Amino acid sequence: MGTTTFTGPIKAGDVLDTTGTTVGSIKNVGFVKMSQSSALTQATNGSTAGLYTTDIVVPAGSMITAIRVYVNVVWDGAATTFSVGTSATATELAVTQAGGTLAIVNVAPGASATRVNAWADVGTSDVRIYVLSANTGAGTGFIEVEYVQARDIA
């Protein structure tokens, strides 16, 4: 199947400008949600043990709306958790996520204003997504990041 590429951001809706006060005359244009995914392994693909550098790059100014890890071979070893971030420390977006069961893990920022704000606006530069496992092992899966491009909410 063919694909089409836009440079975005993409907006959609059928009422482009507000011309009144009732639904149907009020602007209803919204941003289109984007998604990128990458294969993932508990083992390293770089120089830091357990650090996996994905091919996912989120454009500057974007708002992350969801991160999911599809665990198809459970994380194993002494610790079965992983963290997700935008640098080799992999803690900017989420920490201590469970990878020890076959599941779709809905990654969350937890009770951290810093991490919540990093989801709300990734900043002024594109960011690459990293996953750091607590230890290396045989775990595998896929990571998916959904975002709204150029939302600049923060």
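**Exercise 1. A salt bridge between two strands**

Is Arg-128 buried, partly exposed or exposed, and what is its relative accessible area? Determine also which acidic residue Arg-128 meets and which strands the pair connects.

*Solution.* The model under study is predicted.

Step 1. The relative accessible area of Arg-128 is 35%. Buried means under 20% and exposed over 50%, with partly exposed in between. Arg-128 is therefore partly exposed.

Step 2. The side chain of Arg-128 forms a salt bridge with that of Asp-55, at 3.8 Å from N to O. The pair links distant parts of the chain, since Arg-128 belongs to strand β9 and Asp-55 to strand β4, 73 residues apart.

Step 3. Asp-55 has a relative accessibility of 61% and counts as exposed.

**Exercise 2. The sheet that holds β4 and β9**

Give the strand order of the open sheet that contains β4 and β9, and explain which strands stand at its edges.

*Solution.*

Step 1. The order of this four-strand sheet is β4-β9-β6-β7, and its pairing is antiparallel.

Step 2. β4 (51–58) and β7 (94–98) each have a single partner strand; they stand at the edges, so one side of each lacks a neighbour in the sheet.

Step 3. On average, neighbouring strands of this sheet are turned by 25° against each other, direction ignored.

Step 4. The antiparallel strands β4 and β9 (residues 127–133) are joined by five bridges. Within this part of the structure, Tyr-52 has Val-131 in β9 as its bridge partner.

**Exercise 3. A network of charged side chains**

The structure holds four salt bridges. Identify the residues that are joined into one network, and state how accessible each is.

*Solution.*

Step 1. Glu-146 and Lys-33 meet through their side chains in a salt bridge of 3.4 Å, N to O. Glu-146 lies in strand β10 (residues 140–148) and Lys-33 in strand β3 (residues 33–41), so this pair ties together parts that are 113 residues apart in sequence.

Step 2. Glu-146 counts as buried at 14% relative accessibility, whereas Lys-33 is partly exposed at 47%.

Step 3. Arg-68 and Glu-144 form a salt bridge of 3.1 Å, N to O. Because Arg-68 lies in strand β5 (residues 63–73) and Glu-144 in strand β10, the pair ties together parts that are 76 residues apart in sequence.

Step 4. Arg-68 is buried, with a relative accessible area of 18%. Glu-144 also counts as buried, at 14%.

Step 5. Salt bridges with shared partners join Lys-33, Arg-68, Glu-144 and Glu-146 into one network.

**Exercise 4. The sheet beneath the network residues**

Describe the open sheet that contains β3, β10 and β5, and locate helix α1 with respect to β5 and β8.

*Solution.*

Step 1. This sheet has four strands in the order β3-β10-β5-β8, paired in the antiparallel sense.

Step 2. The edges are formed by β3 and β8 (103–107); each has a single partner strand, so one side of each is left without a neighbour in the sheet.

Step 3. Neighbouring strands here are turned by 20° against each other on average, direction ignored.

Step 4. Five bridges pair β5 with β8 in the antiparallel sense. Arg-68, a residue of the charged network, stands opposite Asn-106 in β8.

Step 5. Helix α1 (residues 113–120) lies across β5 and β8 and runs at about 100° to β5.

Definitions and conventions
Residues numbered from 1 in each chain as written. Predicted model: local features only at pLDDT ≥ 70, side-chain atom pairs only at ≥ 80, totals over all residues. Heavy atoms only, no water. Pairing = 2+ DSSP bridges. Axes fitted to C-alpha atoms, helices over the stretch in contact; angles between N-to-C directions. Buried < 20%, exposed > 50% of the residue type's maximum accessible area, 1.4 Å probe, protein only. Contact = heavy atoms within 4.5 Å.
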